[in-house]
Amino acid sequence: MRHDESTAPGSGRNGVLASFRGMRFGVVGFAFLAVLLDGFDSASLSFVLPSLAEQWGVASADFTPAVVLTNIGVVCGYLASGRLAVRLGLRRMLIAGTVLFAVGSLATALVLPLQSLTALSTVRLITGLGLGVVLPGAVSLATAHHPDEQRQTVSVTVTLGLAFGGTVAGVFGSSMLTSVGATGVFWIGGALPLLLAGLMGRWLPAAPAPVAANSTMAAPGADDPATAAREARVGALFAPGLRAATVLLWIFAFLVFIASYTLQSWVPTLLTGYGFSASQAPIGLAFLSFGGVVGGIVLLLLAARKEIRFALMVMPVIGAASMVCAATVGTDHTALLLALAGSGAGVTASQIGQLTLAVAMYPPATRTAGVGWAAALGRVGSIVGPATAGVLLALSLPGDDIVLLTAIPVVVAAVSAAVLWRLPHAADRTCGAEDVEPKQREVTAR
């Protein structure tokens with residue numbers, strides 16, 4: 001049953017500040033840094049594309065397979081995250097994912113001098129597998145170390161690493177291309193996560209019991225790995241009271257990721273159509289990603305005052321309106337960059353928010369699977385969006401038209417969030433009602 005979250009104790013700014021008290025900043029910091037490097041790697045391919053297209057003498061649209069295969073790898077990593085959490089435990093899963101995408105980034109640096117689109121696409125698929133494991137592992141491990149009332153704050157904080165990583169890539173992209181070239185970008189993008197993986201192996205604690213028992217994602221009262229494995233399967237996400245919310249969450253994630261990754265993958269390329277040079281184009285990514293950081297903070301405040309599902313109705317509207325502005329400002333570069341920042345605020349906050357809602361909506365035993373599957377369905381959108389945009393670029397459709405079309409799924413996502421807001425079971429769960437673990441344990445995989 002819905003209650004008035006706006007008047008709930010600890011709501012608003014004071015609620016946000018209170019949720020940071022007692023936070024285990026060591027665990028959150030490691031998780032945040034892993035996700036930041038994930039975001040940096042994802043953005044790296046985007047901002048080097050215009051430069052690579054010039055060097056290789058090919059059209060930017062020819063890199064569509066590399067972009068798409070990266071996201072396919074991420075989807076596979078997300079889908080495997082629930083089972084990997086059972087087999088490896090969250091800590092080892094996060095470290096393994098970090099090592100894998102580091103190796104993939106180093107392999108990217110090795111194959112770039114070959115100027116082979118096939119080789120580049122192959123190593124990006126491997127990189128994507130590691131990237132896909134990192135985010136659900138980082139969010140689940142960080143939230144496992146905190147009580148329920150801090151879950152949303154911790155989830156948003158960790159996931160903001162994606163936007164920070166994109167911001168770092170955008171701000172320093174031009175200077176990195178000038179100083180170390182595209183190959184050097186990926187050498188750096190591989191070395192840093194390897195270093196972080198070593199530090200996590202030394203100091204990152206495992207998930208506490210009862211979330212982790214014998215290195216498995218065990219639920220409270222689940223004494224054997226078989227029970228934990230059953231509850232990590234997708235069927236548990238369709239337990240009574242979760243079915244409709246799961247479907248709506250997946251729809252929302254799919255639509256938001258279409259827009260988010262279309263912009264993240266192609267904004268530097270689209271900006272060349274607005275008169276930006278290949279070396280200047282990364283600044284668009286910086287504004288888009290920095291807007292995402294601001295949007296994440298706004299999301300945190302809205303979620304504290306009005307609850308996360310309300311925030312997921314508001315932020316897509318901001319993103320869609322900003323995209324319409326970006327498509328209609330013409331050649332005014334300042335207005336265009338500001339509109340991109342607004343677009344990033346709306347779509348990135350929505351992207352972060354859907355993971356935060358998954359953390360709040362699912363009980364501990366199914367949380368990693370819930371986060372992983374919501375992110376995976378979103379990443380299906382991250383395949384569809386950039387692939388479609390690549391085809392439209394190949395057909396010479398103007399960049400402003402592509403941006404305008406990208407606003408459509410964001411509007412539909414806002415409608416999905418409004419329907420989710422009306423679901424009483426989702427309201428109970430996200431407002432802190434007791435998890436229905438006994439019901440969850442009766443559900444077997446489909």
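## Helix H2 and a nonpolar surface patch

Helix H2 (residues 25-56) spans 44 Å from its first C-alpha to its last over 32 residues, close to the 46 Å expected at 1.5 Å a residue; the expected span is 1.5 Å times one less than the number of residues. This is a predicted model in which local features need pLDDT of at least 70 and side-chain atom pairs pLDDT 80 or more, while totals for chains, interfaces and linings use all residues. Residues are numbered from 1 along each chain as its sequence is written, and side-chain values use heavy atoms, leaving out hydrogens and water.

At Leu-49, H2 bends by about 45 degrees, and Pro-50 follows within four residues. The bend is the angle between axes fitted to the seven residues ending at a residue and the seven starting there. Of the 32 residues of H2, 25 are buried, so the helix is largely enclosed by the rest of the structure; buried means under 20% relative accessible area with a 1.4 Å probe, counting protein chains only. Just after H2, Gly-57 has a positive phi of about 70 degrees.

Totals for the protein follow.

| Item | Value |
|---|---|
| Helices and strands (DSSP runs of at least four and at least two residues) | 16 helices, two strands |
| Buried residues | 60% of 446 residues |
| Exposed area (Shrake-Rupley, 1.4 Å probe) | about 16,000 Å² |
| Carbon and sulfur supply | 67% of the exposed area |

Val-180 lies in the loop between helix H6 (151-179) and helix H7 (181-203). Its relative accessible area is 41%, so Val-180 is partly exposed, a class that runs between under 20% (buried) and over 50% (exposed).
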